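Good morning, and thank you for the invitation to speak. Please keep the sequence and the model in view while I go through them.

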Amino acid sequence: SKILCTTCNKPLSHKRKLAIDRHLTSQKHVKRKAKIDGDEALLSSLKRRGKESYERRHAVIYDLTEAFVCADIPLEKLDHPKLREFFNKHVINAGAIPTAGQMRREYLPKITNLHKNKEIN
């Protein structure tokens, strides 16, 4: 019976602790372990940046929806081809700006509740 080093994908004899200790301190194992740890750190960093980007994008869309609502501009104006053309030309990642229907479903209820709560307090 053998055990498997998942870092190296190599079977090791479990009968002698010395064999396992030698493998764990071998140059091959140490290099692979460092590479895997570096890959995991990179993946973690990418996930963190993705989450931050997601949160920033939603904050911008929320603010845009709130600005249109407070300025009494119908959200349907966001779907106008000329305004979409302007956004695509002058705003980075403007394609991420949702349609009026999506804004009405996802962001408008939050804004309405926020303003109702402000009026109550």
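Which residues does Leu64 touch, not counting residues up to four places away in sequence? The answer is Leu78, Ile97 and Met103. Please bear in mind throughout that this is a predicted model.

Let me place these contacts in their setting. Leu64 belongs to the largest nonpolar core, which has twelve residues. Alongside Leu64, the members are Ile61, Tyr62, Phe68, Leu75, Leu78, Phe87, Ile97, Ala100, Met103, Tyr107 and Ile111. Two elements, H2 and helix H4 (100-106), give two or more residues to this core. The largest share, four residues, comes from H2. For those new to the subject, there is a general background: in soluble globular proteins, nonpolar side chains tend to be buried together.

I turn now to helix H2, which covers residues 27-70. How far apart are the end C-alpha atoms of H2? They are 64 Å apart, and this agrees with expectation, because 44 residues at 1.5 Å a residue should span 64 Å.

Which residues of H2 are buried? They are His29, Ser45, Ile61, Tyr62, Leu64, Thr65, Glu66 and Phe68. When you look at such a list, it helps to recall that an α-helix has 3.6 residues a turn, so residues three or four places apart point the same way. The buried residues of H2 pack against strand E1 (2-5), helix H1 (17-25), helix H3 (81-90), H4 and helix H5 (108-120).

Let us take His29 as one example from this helix. His29 counts as buried because its relative accessibility is 8%, and the cut-off for buried is under 20%. Leaving aside neighbours within four places in sequence, His29 is in contact with Cys5, Thr7, Cys8, His23 and Leu24.

Gly38 also lies in helix H2. With a relative accessible area of 36%, Gly38 is partly exposed. The C-alpha atom of Gly38 is separated by 43 Å from that of Pro109, and the two residues are 71 residues apart along the chain.

Two further pairs can be set beside that one. Glu106, in helix H4, is 44 residues away from Tyr62 in sequence, and their C-alpha atoms are 9.1 Å apart in space. Glu106 counts as partly exposed, at 40% relative accessibility. Ser13 is found in strand E2. Ser13 and Ile3 are ten residues apart along the chain, and 6.3 Å separates their C-alpha atoms. Ser13 is partly exposed, with a relative accessible area of 29%. Its contacts, leaving aside neighbours within four places in sequence, are Lys2 and Ile20.

Next, the backbone. Most residues other than glycine have a negative phi, and most peptide bonds are trans. Where, then, do we find a positive phi in a residue other than glycine? Asn9 has a phi near 60°, and Asp72 also has a phi near 60°. Asn9 sits in the loop between E1 and strand E2 (10-13). Asp72 comes just after H2, in the loop between H2 and H3. Are these two residues buried or exposed? Asn9 is exposed, with a relative accessible area of 59%, and Asp72 is exposed as well, at 67%.

My last topic is empty space. Rolling a probe the size of a water molecule over the atoms shows where empty space is left. What is the volume of the largest pocket? The volume is about 220 Å³. Of the 13 residues that line this pocket, the closest to its centre are Arg57, Val60, Ile92, Asn93 and Ala96. The lining divides into nine nonpolar, two polar and two charged residues. Helix H2 supplies the largest share of the lining, six residues.

To close, I return to helix H2. This helix gives the largest share of the largest nonpolar core, four residues, and the largest share of the lining of the largest pocket, six residues. Thank you for your attention.

Key
Residues are numbered from 1 along each chain as its sequence is written. This is a predicted model: local features need pLDDT of at least 70, side-chain atom pairs count only at pLDDT 80 or more; totals for chains, interfaces and linings use all residues. Side-chain values use heavy atoms; hydrogens and water are left out. On a 1 Å grid over the protein atoms alone, a cavity is a set of points where a 1.4 Å probe fits but cannot get out, and a pocket is an open set with protein on both sides within 12 Å along at least five of seven lines; lining residues have an atom within 4 Å of a point. Grid points are joined across faces, edges and corners, and a volume is the space filled by probe spheres set on the points. Ala, Val, Leu, Ile, Met, Phe, Trp, Tyr, Cys and Pro count as nonpolar, Asp, Glu, Lys and Arg as charged, and the others, Gly among them, as polar. A nonpolar core is a set of buried Ala, Val, Leu, Ile, Met, Phe, Trp, Tyr and Cys residues joined through side-chain atoms within 4.5 Å. Buried means under 20% relative accessible area, exposed over 50%, partly exposed in between (1.4 Å probe, protein chains only). Contact means heavy atoms within 4.5 Å. The expected span of a helix is 1.5 Å times one less than its number of residues.
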